[in-house]
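Visitor: I would like to learn how to read side-chain packing and pairing in a model. Can you take me through one?

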Amino acid sequence: MSGLFITFEGGDGAGKTTILNQISDWLEESGYEVLKTREPGGIHIAESIREIILNKEHTTMDARTEALLYAAARRQHLVEKVLPALNKGQVVLCDRFVDSSLAYQGYARGLGIDEVYQINQFAIEGCMPDITLFFDIPPEEGLKRIAANDKREKNRLDLEKVDFHERVYEAYQMLIRKYSERIHPINANQEASKVYEEAKEVLHPFLLKKE
């Protein structure tokens, strides 16, 4: 039986990681075998690349270098962790995937969505998510959450100004329109319990198909 590949996307401070953890608990309680992971990272090599990408001292990193590092981390993570889990029939919950690169490097960095997509197609060989949840929140609200959360990992992308995050948000809206069958927006600008319930409702039909 093939697994189910679910990715969680959103701007910084959207709360997707919190909901991912709740969805993981719900699925496990429902009897599904779940793999929870993240990008960049999830395995040793990719986590090492993550440290390079997000290091706050690496402010001189070229945009293309950044895009290539994300793709490299994604490739290793995919072949070493994601694909084996899917081949075992597991439900894979991944915090960010290709759409993040399209939004952040392709559009917000100005490299071009199609160009970054081509880099990533080489990396993933056509392996795209079955469903993507986009946690929709205005960039300003997301950044307020980050500022108020002392426990959150602060990284190089947090040094970007508001207009960068606004471009990221604009890119995601474009991707939602382009891939409307795969990407499902979730209203993340509400109570966490309501966000969780909305995410469950969207995922339910896809879980039924897997059964």
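Guide: What follows is a short tour of cores, salt bridges and ring pairs. Keep in mind that this is a predicted model.

Visitor: Start with the core. Which residues of the largest nonpolar core touch the most other members?

Guide: Look for buried nonpolar side chains joined through contacts. Here the largest such core has 39 residues, and Phe5, Val92, Ala103, Tyr104, Val168 and Tyr172 touch the most other members. Helices H2, H3, H4, H5 and H7 and strand S3 each supply at least two residues. The largest share, nine residues, comes from H3. Apart from this core lies another, of 26 residues, including Leu20, Leu27, Tyr32 and Ile137.

Visitor: Take Tyr104. What does Tyr104 touch beyond its sequence neighbours?

Guide: Leave out residues up to four places away in sequence. Tyr104 then touches Gly10, Gly11, Asp12, Arg96, Arg109, Leu157, Phe164, Val168 and Tyr172. Tyr104 is buried, because its relative accessibility is 4% and the cut-off for buried is under 20%.

Visitor: Now a polar side chain. Is Gln105 buried or exposed?

Guide: Buried, since its relative accessible area is 2%. Gln105 lies in helix H4, residues 98-108. Next, look for a polar partner. The side chains of Gln105 and Glu66 are joined by a polar contact of 2.7 Å. Contacts of Gln105 beyond four places in sequence also include Ala63, Tyr70 and Leu111.

Visitor: On to charges. How many salt bridges are there?

Guide: The count comes to twelve. For each pair, check three things: distance, location and burial. Arg74 and Glu39 meet at 2.6 Å, N to O. Arg74 lies in helix H3 and Glu39 in the loop between strand S2 and H2, so the pair ties together parts 35 residues apart in sequence. Arg74 counts as buried at 2% relative accessibility, and Glu39 counts as buried at 6%.

Visitor: Which salt bridge has partly exposed partners, and where do they lie?

Guide: Try Arg109 and Glu160, which meet at 2.8 Å, N to O. The pair links distant parts of the chain, 51 residues apart: Arg109 is in the loop between H4 and H5, and Glu160 is in the loop between H6 and H7. Arg109 is partly exposed at 22%, and Glu160 is partly exposed at 26%. Salt bridges can also join up. Glu66, Arg109 and Glu160 are linked in a network.

Visitor: What does a pair within one helix look like, as with Lys144 and Glu141?

Guide: Check the spacing. Lys144 and Glu141 both lie in helix H6, three residues apart, about one turn of the helix. Their side chains meet in a salt bridge of 3.5 Å, N to O. Lys144 is exposed at 52%, whereas Glu141 is partly exposed at 30%.

Visitor: Last, the rings. How many aromatic pairs are there?

Guide: Five. Read the centre distance, then the angle between planes. Phe5 and Phe97 have ring centres 5.0 Å apart and planes at 75°, so the pair is edge-to-face. Phe5 is in strand S1 and Phe97 in the loop between S3 and H4, 92 residues apart. Phe5 is buried at 1%, and Phe97 counts as buried at 0%. Tyr104 and Phe164 form a tilted pair, 6.1 Å centre to centre with 55° between the planes. This pair links helix H4 to helix H7.

Visitor: Which residues form an aromatic cluster?

Guide: Phe134, Tyr169 and Tyr172 form one. Check ring faces for charges too. Arg182 lies over the face of Tyr179, 5.1 Å from the ring centre. Lys209 lies over the face of Phe206, at 5.3 Å.

Key:
Residues numbered from 1 in each chain as written. Predicted model: local features only at pLDDT ≥ 70, side-chain atom pairs only at ≥ 80, totals over all residues. Heavy atoms only, no water. Helix = DSSP H or I, 4+ residues; strand = E, 2+ residues; numbered from the N terminus. Buried < 20%, exposed > 50% of the residue type's maximum accessible area, 1.4 Å probe, protein only. Polar contact = N/O pair within 3.5 Å; in protein donor to acceptor, adjacent residues only side chain to side chain. Contact = heavy atoms within 4.5 Å. Core = buried A, V, L, I, M, F, W, Y, C linked by side-chain atoms within 4.5 Å. Salt bridge = Lys/Arg side-chain N within 4 Å of Asp/Glu carboxyl O. Phe/Tyr/Trp six-rings, centres within 6.5 Å; stacked < 30°, edge-to-face > 60°. Lys NZ or Arg CZ within 6 Å of the ring centre and 35° of its normal.
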